[in-house]
Amino acid sequence: MINNDENTIGNLKIAVLIPCHNEELTISKVVSDFYAFLPEASVYVFNNASQDKTKDIAKKAGAIVFDEPNKGKGNVTRRMFADVDADLFIIVDGDDTYDASKSRYMVNHLINNNLDMVVGTRKAIDANKAYRWGHMFGNWMLTRSVSFLFGRGFTDMLSGYRVMSRRFIKSFPLMSKGFEIETEITIHALQVGASYDEVETKYNSRPEGSESKLSTFGDGFLILKMIFLLFKEEKPFQFFGLFSLLFFIISIVIFIPILIYFVDTGFVPRIPSAILSASFMLLSFLSLISGLILDSLSRARQEVKRLSYLSYSSIMGE
C-alpha cells in the first residue's frame with residue numbers, strides 16, 4: 001500500500017503559483033507557510049492589479065513576484081501557466097483560506113499514483129464563517145451541472161487549491177478571464193481523460209479585514225455562461241439537437257389542427273399557420289445538420305487537445 005506521507009518528490013521541480021489581488025493582509029503568511037511545508041518549491045506570486053502593498057510584502061516574504069495588469073483570475077492564471085515552467089504546479093489562492101500543511105501530502109499523492117491533478121476539496125473549519133450560503137448553493141449547482149453535461153465531475157469543482165502535472169498545465173488552452181477558470185480546468189480534465197483525485201483539506205474563513213473578490217451572482221452567472229458555452233462547443237450535436245427537437249415539436253403542434261381540418265374538408269384554412277409550421281420544421285432540420293457538422297469539428301479539436309496532452313511525459317516518465 002502506497003504511503004502518501006512518504007517524501008517521493010526527489011528532483012522534481014515544484015512551483016507554487018499564487019494569484020493575488022489586494023491580499024496584503026494574508027500573502028506573507030501564505031508564502032511563508034508553503035516555504036515551510038514545501039522547502040523544495042519555488043513560490044511565485046502574480047500580482048494582479050493590486051492597489052495595496054501585496055507586491056512589496058510578497059517580495060519581503062521571499063516570493064518570486066510578477067505583475068499581471070489585466071484584472072481577472074483567468075487572465076492571471078493564463079499568464080502563470082505560460083510563464084512558469086516546472087514538473088509540478090500547485091495553484092492556491094492568496095487569502096490564507098487553504099491549508100498549506102496538506103501540500104506535501106497532495107504532491108506525494110499525485111506522484112505515487114501517477115496522476116495529472118489532485119484537487120483539495122474544502123472542509124470548512126467553521127462553515128458559517130467560511131462560506132456564504134449563496135456560494136455553497138452555487139458550487140453545488142455548478143458541480144452537478146458539469147457532472148450532468150459531461151458524464152462525470154468533481155466533488156468540489158470550484159476549489160482554488162490544486163496540484164497539477166506539467167503535461168496537464170501545458171496542454172491546457174485556457175480561455176476564461178475571471179473566476180470561471182476552475183470550471184474550465186475541470187472540463188479540460190474530463191475532455192482529455194486526465195487522471196485525477198480529490199483530497200479533503202481544511203478550509204478557513206478569511207481573516208478580519210480581508211474581503212472576498214467573488215461576487216455570488218455576478219461570478220455565478222459567468223460560470224453558468226461558461227458551462228453553457230462549453231456545452232455548445234464541446235457537445236454541439238446534443239446542444240443543437242435539443243433546439244432541433246424543440247422546433248420539431250412546435251412545428252407539429254401548429255400543423256396538427258391544419259392537417260385535421262384538411263382531412264375533413266380538403267382545404268387549408270390558415271395559410272400563415274401552415275407557413276409558420278413549415279418554417280419551424282426547416283429550422284429543426286437546419287439545427288440538426290448544424291449539430292452534426294459542428295460535432296465533427298468538435299471531435300477534431302478534442303483530438304488535437306488530446307495529442308497535445310500526450311506529447312508531454314507523465315510524472316513517472318520524468
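Where in the chain is the place of N22? In this predicted model, N22 turns up in the loop between β1 (14-20) and α1 (27-37). What makes N22 worth a look is its backbone: phi is near 55 degrees, a positive value in a residue other than glycine. For context, most residues other than glycine have a negative phi. With a relative accessible area of 27%, N22 falls between the 20% and 50% cut-offs, so N22 is partly exposed.

A49 shows the positive sign too, with a phi of about 55 degrees although A49 is not a glycine. This alanine sits in the loop between β2 (42-47) and α2 (54-60). Its relative accessible area is 24%, so A49 counts as partly exposed.

Another loop residue is E40, found between α1 and β2. At 36% relative accessibility, E40 counts as partly exposed. Along the chain E40 is 26 residues away from I14, yet their C-alpha atoms are 7.1 Å apart in space. A similar kind of check can be made on F221, which belongs to helix α9 (residues 216-234). The C-alpha atoms of F221 and E180 are separated by 9.4 Å, with the two positions 41 residues apart in chain numbering. F221 is a phenylalanine out in the open: its relative accessible area is 57%, which is over the 50% cut-off, so F221 is exposed.

Now for the aromatic rings. The structure holds 12 aromatic pairs. One of them is F81 with F172, whose ring centres lie 6.3 Å apart. The planes of these two rings meet at 50 degrees; since that is neither under 30 nor over 60, the pair is tilted rather than stacked or edge-to-face. This pair links distant parts of the chain, with F81 in helix α3 (residues 73-83) and F172 in the loop between α7 (166-170) and α8 (181-192), 91 residues apart. Both partners are tucked away: F81 counts as buried at 6% relative accessibility, and F172 is buried with a relative accessible area of 10%.

Phenylalanines also gather elsewhere. F231, F239, F240, F243, F247 and F280 form one aromatic cluster. Charged side chains meet rings in the model as well. The charged end of K102 sits over the ring of Y105, at 5.0 Å from the ring centre. For R122, the ring in question belongs to Y203, and the charged end sits over that ring, 5.3 Å from its centre.

Finally, there is the helix pair α10 (residues 236-265) and α11 (residues 271-310). The axes of these helices come within 8 Å and cross at roughly 165 degrees. Because an angle over 145 degrees counts as roughly antiparallel, that label fits α10 and α11. Their crossing is left-handed. What is the make-up of the contact of α10 with α11, by class? There are 19 nonpolar residues in it, along with nine polar residues and one charged residue.

Definitions and conventions:
Residues are numbered from 1 along each chain as its sequence is written. This is a predicted model: local features need pLDDT of at least 70, side-chain atom pairs count only at pLDDT 80 or more; totals for chains, interfaces and linings use all residues. Side-chain values use heavy atoms; hydrogens and water are left out. Axes are lines fitted to C-alpha atoms, for helices over the stretch in contact, and angles run from 0 to 180 degrees between N-to-C directions. Helices (H or I, at least four residues) and strands (E, at least two) are DSSP runs, numbered from the N terminus. Angles under 35 degrees count as roughly parallel, over 145 as roughly antiparallel, 65 to 115 as roughly perpendicular and the rest as oblique. A crossing is left-handed if the near helix is turned anticlockwise from the far one by less than a right angle, and right-handed if clockwise. Ala, Val, Leu, Ile, Met, Phe, Trp, Tyr, Cys and Pro count as nonpolar, Asp, Glu, Lys and Arg as charged, and the others, Gly among them, as polar. Rings of Phe, Tyr and Trp (its six-membered ring) pair if their centres lie within 6.5 Å; planes under 30 degrees apart count as stacked, over 60 as edge-to-face and the rest as tilted. Buried means under 20% relative accessible area, exposed over 50%, partly exposed in between (1.4 Å probe, protein chains only). A charge sits over a ring if NZ of Lys or CZ of Arg is within 6 Å of the ring centre and within 35 degrees of the ring normal.
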